[in-house]
Amino acid sequence: MRPAEQAGGVFSGQGWSTMSVTATAPQKQGKRTRMVVDRATLHYQTKSGPLHALDDVSLELKDGEFLCIIGPSGCGKTTLLWSMAGLIKLNGGSISLDGERITRPNPHIAMIFQDANLLPWRTVERNIQLPFELKRKKMDKARINKLLERVGLGGFNDKYPRELSGGMQQRASIVRSLAVDPSILLMDEPFGALDAFTRDEMNLLVQEIWMETGKTIAFVTHSIPEAIFLADRIIVMSARPGRIAAIVDVDLPRPRQVEIQTQPEFIARVMDIKLKIDHQRGARVDHSMIG
Amino acid sequence: MSDAGNSVPSFDRKPSGDASGMAGALSASLSGGAARTGLEVFVIILVAVIIIGGSEFLLGWFEVPQYVLPKPSQIAVALVTEFPNYWPHLLVTLKELLVGFTIGASIGFVLAAVITQFPFVEKVVTPYILLLVTTPMLALVPLLILRFGFGSEPRIIAVALASGPMVMINSATGFRRVDRAKIALARSFGANTLQIFTKIRIPMAMPMIVVGLMVGSIFGLLTTVGAEMVGGAEGLGNRLTYYSSLIRMPQFFAIILILALIGISIYVFFFWLGKKWASWEA
């Protein structure tokens, strides 16, 4: 674990820490608001009738904050994140970044998808090159190599995604998103398909990246322990219609170690959020929520 | 112990063969039949020697007349000594195939790319494309000859009509494989419609496009030869009717040998193309 104070880490080095000068362990008090989701509403027409994916969802994303969005499957958390990325248009309400309304993808925002979402016909390096190709910019190869090195993928430049494990694929996809130096990272259940051990490793890596770069992160997950481990603040959503059921602050000290997940205090928080979700879902108790 | 030891390499060999293979759709037809080890190659050659040597011997033994079935040696002699006679016809056939296929494949590819963007148009057009695919375009050749004469034009048109829909229908299948997440990925990095098309949709459709090109070109070859047999005085197809009418069977079989060679070359070329462009889809 790298102390947050150690400035000039690879992630923030070479002029690619952006807006936030405070690239150290963030305190959420007194931070300015970056993103505002204001009464977001979205419904789809499906074959079985209209589906209310988002109903009057409002939240704020503060500069340098680590926000987790959690909820049962089908609660619209992925939809919410995709809307924040400008990939889905809302039926009602608005989403804005630094006061500017988001209607399409924004260069300040990078998305990390489920299952890594690497292009199977491109090598790791060519995958990372994709955003640069799209913007017709030259990629700084030395920096990419440093980044790959930093996430433990040094020398894997010419490997194809199918030659990598799930965890390694997701590492490559994280590098791809970091490479364009966004100030906001939106992560859509990135580690949902990974085994528990790999997932712990990836969570530590994400925490390190976040502490080194001070990027603002919104992280969607269906695992309560993952959310508590990573987040400053957790948005708990309920399903059908997708609504915010509760907002929970997590003030555990950083950097957090994997072991804290076994401490009574941590487990108490897990139970607390689980109760909040169960309450929303009626009396039905679903143990699959502890993921 | 020795059993276990033997089973290891065979396990090892299979995945490596598949990995070097190609598109899932192709792998059954391609890498399935491709030889891999020295032993397999040896046996394949052995079988060829037995068939050729055996038929040579049996045809001689039973004194089968040349006009019924020539000996392999007679075919070989006809192929080598009279090759200059075949050469201009070979060129004509290749030209017709190449021009017709290029026209048909280009139109088919563009049509597939455009039509799959509009589901309604696609639904309307598909039955007619299917009609073109399933109707033997050879049937049109006599009609085309009436209109365009006995030159290469009617045959080129027939080849284009035969190969185009094949390319189109396979490419369309490829273009329809929309991966929402991959398109969203490109969009999230600011890609425009054209970039999504060139960076995501085409590479994703590539395995099926290669299949379409291969099937289309083989169909094109069939149609070229067939059309040459129907009318005109040039091309390998025409030579087939010519030599059979004169009962010059060694020459007839030499032409068939050349056609087989063209077919194999087409197959090998697209196999290579698939490896190069579509090997990611294991």
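## Fold of chain B

In chain B, 74% of the contacts with a separation of 6 or more join residues that are 24 or more positions apart, two residues being in contact if their C-beta atoms, placed from the backbone, lie within 7 Å. This is a predicted model, in which local features need pLDDT of at least 70 and side-chain atom pairs count only at pLDDT 80 or more, while totals for chains, interfaces and linings use all residues. Residues are numbered from 1 along each chain as its sequence is written, and chains are lettered from A and ligands numbered from 1 in the order in which they are written.

The secondary structure of chain B consists of twelve helices and zero strands, where helices (H or I, at least four residues) and strands (E, at least two) are DSSP runs numbered from the N terminus. Of the 282 residues of chain B, 35% are buried, a term for residues with 20 or more other C-beta atoms within 10 Å of their own, the C-beta atoms being placed from the backbone.

## Confidence

The mean pLDDT of chain B is 86, on a scale from 0 to 100 that gives the predictor's confidence in each residue. Confidence is lowest in helix H1 (residues 2-20) of chain B, with a mean of 36, and highest in helix H5 (residues 83-115) of chain B, at 96. For the complex, the predictor gives an ipTM of 0.84 and a pTM of 0.80.

## Where the chains meet

On the side of chain B, 16 residues are in contact with 19 residues of chain A. Helix H9 (180-188) and helix H10 (193-230) of chain B are the elements that give two or more residues to this side, and H9(B) gives the most, with seven residues.

Key:
A residue is buried if 20 or more other C-beta atoms lie within 10 Å of its own, exposed if 12 or fewer, and partly exposed in between; C-beta atoms are placed from the backbone.
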